[in-house]
Amino acid sequence: GKDIDFGRSRINIEKRPATQSIPPFLVKDYEKRSVPIPQWVQNMLLKLHTEAPEGCPFAFVSPQRLPRLRKKWQKLLKGGNSDEWENHMVANNVLRNFRTACCRAGIKVNTSLTLHCLRKSYAQNLADNGTPISTLKSLMGHSDIQTTSKFYLQSTDANEERACQALDRIMGVLESDAKMTPKPSRHKKSEKPSLPNSRSNQKLH
């Protein structure tokens with residue numbers, strides 16, 4: 001499809017104009033970009049695509065939800081309030097389901113759980129796993145690299161543990177090198193061979 005390119009494993013993010021039956025998809029600052037998707041996400045989207053009812057243009061909208069969605073959009077159109085449409089109106093109870101899933105998984109946070117947490121955790125996980133900052137900036141769609149750099153300045157227990165592991169590896173290399181390096185030869189004074197104990201050489205009569 002236009003939005004999901006299964007051949008290239010990418011999701012295309014761009015503004016989509018509305019029709020009489022389908023609301024628009026709005027993009028911040030009219031940005032247009034393309035992001036790669038990992039294989040497990042592509043497999044999930046392919047499954048949803050094959051199971052989607054005919055005529056439904058959305059991956060996460062059920063056949064029961066689609067008529068209500070169209071009705072809401074047409075109501076805004078007829079009332080001249082189409083500018084009130086927001087992307088989150090497409091789905092229903094997403095935030096509730098997200099919080100329920102986090103609770104079941106035992107995920108606890110110090111702040112309120114919102115869908116934006118998914119975006120932030122995506123960026124933090126990539127930063128923690130060594131993704132170059134320029135690559136992450138492109139994936140996140142940041143206009144300023146200073147915004148991206150915040151994810152690299154987070155001090156987490158996992159990052160501190162990796163730092164200790166790095167030091168262990170460095171010291172391990174130094175220790176192994178020290179063992180393999182031959183010690184400089186030292187000239188020792190020649191020692192006279194020890195004479196056997198005179199008593200031990202006496203024959204027992």
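Two strands count as paired if DSSP finds at least two bridges between them. Keep that in mind as we start walking through this predicted model, because strands are what you meet at the beginning of the chain.

From the N terminus on, the elements run β-β-β-α-α-α-α-α-α-α-α, which gives the protein three strands and eight helices.

Let's take the strands to begin with. They form an open sheet in the order β1-β2-β3, and the pairing is antiparallel. Since β1 (4–5) and β3 (33–36) stand at the edges, each has a single partner strand, so one side of each is left without a neighbour in the sheet. Now look at how β2 (residues 10–13) pairs with β3: the two are antiparallel and share four bridges. One spot to find on screen is Arg 10, whose bridge partner in β3 is Pro 36. In general, strands of a sheet pair through backbone hydrogen bonds, in either a parallel or an antiparallel way.

Next, the inside of the protein. Buried residues make up 18% of the 205 residues. The largest nonpolar core has 11 residues, including Ile 22, Cys 56, Phe 58, Leu 69, Trp 73, Trp 85, Met 89 and Val 90. A good place to stand in this core is Leu 69: leaving aside its neighbours within four places in sequence, Leu 69 is in contact with Pro 23, Phe 58, Trp 85, Met 89 and Val 90. Apart from this core lies another one, of five residues, among them Ala 123, Ala 127, Met 140 and Phe 151.

Back in the largest core, pick out the two tryptophans, Trp 73 and Trp 85. How many aromatic pairs does a search of the whole structure find? Just one. The ring centres of Trp 73 and Trp 85 are 5.8 Å apart and the planes sit at 75°, so the pair is edge-to-face; the cut-off for that label is over 60 degrees. The pair links distant parts of the chain: Trp 73 belongs to helix α2 (residues 65–78), while Trp 85 is in the loop between α2 and α3 (94–104), 12 residues apart. Are these two buried or exposed? Trp 73 has 3% relative accessibility, so it counts as buried, and Trp 85, at 2%, counts as buried too.

Finally, step back to the whole chain. Among contacts between residues at least 6 apart in sequence, 42% join residues at least 24 apart. As for the outside, the protein exposes about 16700 Å², and carbon and sulfur atoms supply 56% of that area.

Notes
Residues numbered from 1 in each chain as written. Predicted model: local features only at pLDDT ≥ 70, side-chain atom pairs only at ≥ 80, totals over all residues. Heavy atoms only, no water. Core = buried A, V, L, I, M, F, W, Y, C linked by side-chain atoms within 4.5 Å. Buried < 20%, exposed > 50% of the residue type's maximum accessible area, 1.4 Å probe, protein only. Contact = heavy atoms within 4.5 Å. Phe/Tyr/Trp six-rings, centres within 6.5 Å; stacked < 30°, edge-to-face > 60°. Areas by Shrake-Rupley, 256 points an atom, 1.4 Å probe, with all protein chains shown as cover.
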